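Please look over the chain shown here before reading on. The report that comes after it goes from the overall layout to single side chains.

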Amino acid sequence: MRGAGLPVLAAPHSALSRCPAALALLRSPAALAAASSRIAPARDSSGPARQGHGSSKAASLHWTGERAVSVFLLGLLPAAYLCPGPAVDYSLAAALTLHGHWGLGQVITDYVHGETPIKVANAGLYALSAATFAGLCYFNHHDVGICKAVAMLWSL
């Protein structure tokens, strides 16, 4: 059941191979083109870089950085409980802000489409991350700090 140089698209004993109309559609270039125009284009890793990302080496380093920040946060949580202080407070402010920024960046990458909405969403993300970091630093400097604030919440 091979057609004009096209590979067999169904296994010989599958349900699809027993349906001549389906096989005829799969072999028709016009039907394939019509079907492919209705589905979303697949992301091509060999295509041009998107949203300012560089090479796969840069993506790999970014992924490694995300994992390092996550492990750093896991270490900061017991440190915040055992020895609260300004160093741990500011480290938590930086690590939590960076962790949240990267996480929301992935949400934007996955769910925001179109050139202008992506730019607007990224600008909003940078503004939110800057405000978050500034607010946490202000809280650490002018109030009790993150560690003591969490301890006070736990003592309620």
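What follows describes a predicted model, beginning with the fold as a whole and then turning to its surface, its ring pair, one histidine and its salt bridges.

## Overall layout

The chain holds 6 helices and 0 strands, so that, read from the N terminus, its elements run α-α-α-α-α-α, where helices are DSSP runs of at least four residues. Of its 156 residues, 20% count as buried, a label that stands for a relative accessible area under 20%.

Among the contacts with a separation of 6 or more, 51% are made by residues 24 or more positions apart. The accessible surface of the chain comes to about 11200 Å², and carbon and sulfur atoms account for 70% of this area.

## A nonpolar patch on the surface

Y81, L82, V150, L153, W154 and L156 make a nonpolar surface patch of about 810 Å². Two helices, α3 (56–82) and α6 (146–154), each supply at least two residues of this patch, and the largest share, 3 residues, comes from α6.

One of the patch residues, V150, lies in helix α6. V150 counts as partly exposed because its relative accessible area is 32%, which falls between the 20% limit for buried and the 50% limit for exposed residues.

## The aromatic pair

Which two residues form an aromatic pair? The count for the model comes to 1 aromatic pair, and this pair is formed by Y81 and W154, whose rings lie 6.1 Å apart, centre to centre, with 55 degrees between their planes. The pair is classed as tilted, because planes under 30 degrees apart count as stacked and those over 60 as edge-to-face.

The pair links distant parts of the chain, with Y81 in helix α3 and W154 in helix α6, 73 residues apart. Both residues also belong to the nonpolar patch described above. Y81 counts as exposed because its relative accessibility is 60%, and W154 is likewise exposed, with a relative accessible area of 62%.

## A buried histidine in α4

Is H101 buried or exposed? H101, which lies in helix α4 (residues 86–111), is buried because its relative accessible area is 13%, a value under the 20% cut-off. If neighbours within four places in sequence are left aside, H101 is in contact with L125, Y126 and S129. These three residues lie within the range of helix α5 (residues 115–142).

## Two salt bridges

A search of the whole structure finds 2 salt bridges. In one of them the side chains of E66 and R67 meet at 3.7 Å, taken from N to O. The two partners fall into separate accessibility classes: E66 is buried, because its relative accessible area is 12%, whereas R67 is partly exposed, with a relative accessible area of 35%.

The side chains of E115 and K119 meet in a salt bridge as well, with 3.4 Å from N to O. Why are E115 and K119 separated by about one helical turn? The spacing arises because E115 and K119 are 4 residues apart in helix α5. As for their surroundings, E115 is exposed, with a relative accessible area of 59%, and K119 is exposed too, with a relative accessible area of 55%.

Definitions and conventions: Residues are numbered from 1 along each chain as its sequence is written. This is a predicted model: local features need pLDDT of at least 70, side-chain atom pairs count only at pLDDT 80 or more; totals for chains, interfaces and linings use all residues. Side-chain values use heavy atoms; hydrogens and water are left out. Buried means under 20% relative accessible area, exposed over 50%, partly exposed in between (1.4 Å probe, protein chains only). Contact means heavy atoms within 4.5 Å. Accessible areas come from the Shrake-Rupley method with a 1.4 Å probe; for residues, only the protein chains shown count as cover. Patches are made of residues with over 30% relative accessible area and no salt bridge: like charges are joined within 9 Å, nonpolar side chains (Val, Leu, Ile, Met, Phe, Trp, Tyr) within 5 Å. A salt bridge is a side-chain nitrogen of Lys or Arg within 4 Å of a carboxyl oxygen of Asp or Glu. Rings of Phe, Tyr and Trp (its six-membered ring) pair if their centres lie within 6.5 Å; planes under 30 degrees apart count as stacked, over 60 as edge-to-face and the rest as tilted.
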